[in-house]
Amino acid sequence: MSAADDFEEFVVARSGALLRTAYLLTGNHQDAEDLVQTALLKAVPRWGRVREHEPYVRRILVHESVSRWRRRRWRETSTESLPELAARSSDVDARLVLRQALGMLAPRQRAVIVLRYLDDLTEAQTADVLGVSVGTVKSQSRDALARLRGLVPGLDGDAGADISDAAAPRQR
Amino acid sequence: MSTLHDRFVDLAEEAPASPSPPGIWDDGRRKARRQRVGTAAVVAVTLVALTAVGGVGVHLSSTPPPVASRSGSAPALPSRIYEPSGWLPTSSGPPGPVSVVIPAHRSHWTSGYTWGLVGVSATSGRYAFLDLPDYGSEGPLSSDGQHLAYYTGTGPRHDQVLDGLAVYDTVTGRVVRWQPTLGRPLNVQNLAWTGSDALTFTMRAHGTRSSYFWRIGYGAPRPLMVHIGSLVGTAGTSGLYSVGRFRYRYLAVGSSSVANVRIEWPYRTLATPMAVSPSGRLVAAAHLTQRHSALLVGRVAQSGTRTKMRRVDAALQWPVIVGWADDRYLIVVAQASPQGYDAEGNDAARYALERVDVRTGSVDRISDVGSYWGTTVDYATGLLRTQTRDFPAPPDPMDPRLEVGLLAGTAVVGAVALVIRRRRVRA
């Protein structure tokens with residue numbers, strides 16, 4: 001199988017998962033699609049030399065996301081509290097609140113949380129993707145969870161216990 | 001109660017499901033190619049710039065090859081004297097006889113500059129700072145260009161104390177020093193060569209000023225029995241010294257013979273230096289005021305004999321006497337451009353070495369000595385009677401601090417350009 005065929009196969013098989021990760025990282029459909037395309041484009045030159053394709057593409061995805069946030073942050077303002085929600089269905093509200101809460105995390109914290117709790121990466125795998133130490137992953141994860149608890153109703157109490165370290169994703 | 005994982009999975013259901021557009025592989029390959037070409041271009045431009053900067057530095061600091069001369073290695077004055085760069089190298093060994101010595105700033109990486117003496121080889125025209133141990137201040141160059149007298153000094157640059165005399169042999173590299181134990185700074189005046197291997201000078205010590213004669217290589221200076229004033233010039237081994245108004249004294253230091261002479265000048269003030277012709281029969285001086293300048297020549301007369309000094313009708317501006325080529329031709333440095341060196345906003349004041357026929361007043365230019373600094377040059381006066389020669393211009397090294405800064409700056413600009421370029425390349 002040629003490298004091109006291998007790449008096309010990977011795109012077909014994993015672009016959905018990558019888009020989900022990208023959506024949580026960006027909170028925006030268009031940005032998520034753009035982020036995945038950029039990551040795939042950047043992965044092409046070294047595709048034949050990389051053994052583990054998915055971690056490699058995910059690493060590009062996360063770094064590109066952080067870089068974009070740095071470039072855009074001067075245009076964005078963050079608030080300490082989430083806006084009041086209009087009356088909608090509770091599921092939609094919960095998603096909106098969670099998405100906005102994620103958007104209020106620092107980009108590295110957001111990446112740690114998404115990699116750990118959506119993609120089920122271990123702390124070591126998360127550290128490898130982000131290029132930081134495991135200790136940094138732990139501290140970023142702890143701070144991000146604490147902030148999410150304050151921003152997202154229902155993550156306190158029982159829900160909070162669900163996202164405690166004891167309920168951390170299964171180690172792969 | 002759902003876990004955060006479940007909530008994230010639920011939120012991720014909103015993620016777009018659109019398949020990635022086709023052709024990403026080809027687009028990625030094209031982009032990688034463009035990126036490689038762009039990177040190579042930036043690297044190439046940076047390397048070219050670095051090479052250019054380095055090449056300019058090397059070119060400016062390179063020493064031109066010696067000029068093959070019809071007259072072989074016969075010593076001669078250069079037909080043009082260049083202002084020396086402060087970054088010229090120091091002569092690695094004795095340069096041989098020098099035709100010209102130029103006081104110049106010697107630049108340093110960290111401490112600004114110090115004064116030094118640049119010698120111009122009489123045979124190759126090569127410029128180099130002379131290696132003068134404990135150099136304090138310049139002294140005269142002997143007429144044959146082989147011996148250079150200078151004052152030695154001690155202490156920091158801005159608070160240096162002159163403590164002795166030294167003579168540098170430009171042929172052997174040997175330095176002969178004399179450091180008297182005075183308990184106070186050296187106070188030597190009228191330091192002058194008599195012949196090419198002996199110095200005369202006056203020195204104030206213990207409240208009195210005494211005259212000394214120092215034959216190089218024959219021990220310490222010895223007191224002279226007669227007092228010498230300021231030197232007018234030398235003729236052979238005799239020196240003509242001013243000892244009072246109109247009163248002069250010929251002193252043949254080798255034989256200690258003294259002849260008192262009288263020279264009556266039409267002006268009360270005369271510029272120095274003056275000069276005695278090689279035969280000792282003619283003396284020349286310049287009279288300079290703010291409004292005009294005059295060149296005067298007269299025959300040296302015995303004491304009691306009145307001699308009328310003659311004004312040479314030569315078209316010269318601000319002549320400074322260098323010496324006589326023979327009993328007919330006088331060599332002067334004169335202003336070659338219309339404005340004086342002190343004219344406001346005038347950067348073009350040029351000076352030239354001129355040969356003046358004292359009988360007719362005709363003037364021939366024999367050497368360009370640059371701007372006003374050229375009037376501070378000391379010449380091997382024994383070469384005044386020879387033809388000047390064209391020598392290559394000395395190297396003009398780029399300030400190494402600037403060169404290093406440019407190289408570093410170019411490298412940084414190249415690196416930044418690479419980083420910016422890599423960041424700007426987007427899908």
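Modeller: Let's start with a term we'll need: strands here are DSSP runs of E, at least two residues long, and they are numbered from the N terminus. Helices are DSSP runs too, of H or I, with at least four residues. One more thing before you dive in: this is a predicted model.

Colleague: Okay, so where does B:Trp318 sit in chain B?

Modeller: In a loop of chain B, after strand S20 (310-312) and before strand S21 (320-324). Have a look at its backbone there.

Colleague: What is the phi of B:Trp318?

Modeller: First the general idea: most residues other than glycine have a negative phi. Now the case here: B:Trp318 isn't a glycine, yet its phi is positive, about 55°.

Colleague: And which other loop residue should I look at, and what is its phi?

Modeller: Try B:Asp134, again not a glycine, with a positive phi of about 55°. You'll find B:Asp134 in the loop of chain B that links strand S3 (127-129) to strand S4 (135-141).

Colleague: How do I judge burial for B:Trp318 and B:Asp134?

Modeller: Count C-beta atoms within 10 Å: 20 or more others means buried, 12 or fewer means exposed, and in between is partly exposed. B:Trp318 has 19 of them, so it is partly exposed. B:Asp134 has 16, so it also counts as partly exposed.

Colleague: Is B:Leu353 buried or exposed?

Modeller: Buried, because 27 other C-beta atoms lie within 10 Å of B:Leu353. This residue belongs to strand S23 (residues 351-357) of chain B. Setting aside residues up to four places away in sequence, B:Leu353 touches B:Val322, B:Ile331, B:Val333, B:Ile366, B:Ser367 and B:Val369. Its C-alpha atom is also 9.0 Å from that of B:Ala336, 17 residues away along the chain.

Colleague: Nice. How do I read a sheet, say the one with S8, S9, S10 and S11 of chain B?

Modeller: Read off the order of the strands, then how they pair. Here the order is S8-S9-S10-S11, the sheet is open, and the pairing is antiparallel. Strand S8 (188-194) and strand S11 (222-223) are the edges: each has a single partner strand, so one side of each lacks a neighbour in the sheet. Now zoom in on strand S9 (residues 198-205) and strand S10 (residues 208-215) of chain B, which pair in the antiparallel sense over 8 bridges. For one bridge you can click on, B:Arg204 partners B:Arg209 in S10(B).

Colleague: What pattern does chain A follow?

Modeller: It reads α-α-α-α-α-α-α-α along the sequence, with 8 helices and 0 strands. Of its 172 residues, 36% count as buried. For contacts in chain A between residues at least 6 apart in sequence, 57% join residues at least 24 apart.

Colleague: Can you show me a pair that is far apart along the chain?

Modeller: Sure, take A:Pro107 in helix H5 (residues 107-117) of chain A. Its C-alpha atom is 7.8 Å from that of A:Leu25, though the two are 82 residues apart along the chain. Ignoring neighbours within four places in sequence, A:Pro107 contacts A:Ser65, A:Val66 and A:Trp69. With 18 C-beta neighbours inside 10 Å, A:Pro107 is partly exposed.

Colleague: At what angle do H5(A) and H7(A) cross?

Modeller: Roughly 95°, with the axes of H5(A) and helix H7 (residues 134-151) coming within 9 Å. Angles of 65 to 115 degrees count as roughly perpendicular, and H5(A) and H7(A) are therefore roughly perpendicular to each other. Among the residues that meet are A:Val112 and A:Ile113 from H5(A), and A:Val137 and A:Ala144 from H7(A). By class, this contact of H5(A) with H7(A) has 4 nonpolar, 3 polar and 3 charged residues.

Colleague: How do H1(A) and H1(B) pack?

Modeller: Helix H1 (residues 3-26) of chain A packs on helix H1 (residues 4-12) of chain B at about 100°, with axes 9 Å apart. That makes H1(A) roughly perpendicular to H1(B). A:Arg20, A:Tyr23 and A:Leu24 meet B:Phe8, B:Leu11 and B:Ala12. The contact of H1(A) with H1(B) has 5 nonpolar, no polar and 1 charged residues.

Colleague: How many residues from each chain make up the contact between chain A and chain B?

Modeller: Chain A gives 32 residues and chain B gives 26. On the side of chain A, H1(A) supplies the largest share, with 10 residues. Sorted by class, the residues on that side of chain A are 20 nonpolar, 5 polar and 7 charged.

How values were computed: Residues numbered from 1 in each chain as written. Chains lettered and ligands numbered in written order. Predicted model: local features only at pLDDT ≥ 70, side-chain atom pairs only at ≥ 80, totals over all residues. Contact = placed C-beta atoms within 7 Å. Pairing = 2+ DSSP bridges. Axes fitted to C-alpha atoms, helices over the stretch in contact; angles between N-to-C directions. Parallel < 35°, antiparallel > 145°, perpendicular 65-115°, else oblique. Nonpolar A, V, L, I, M, F, W, Y, C, P; charged D, E, K, R; others polar.
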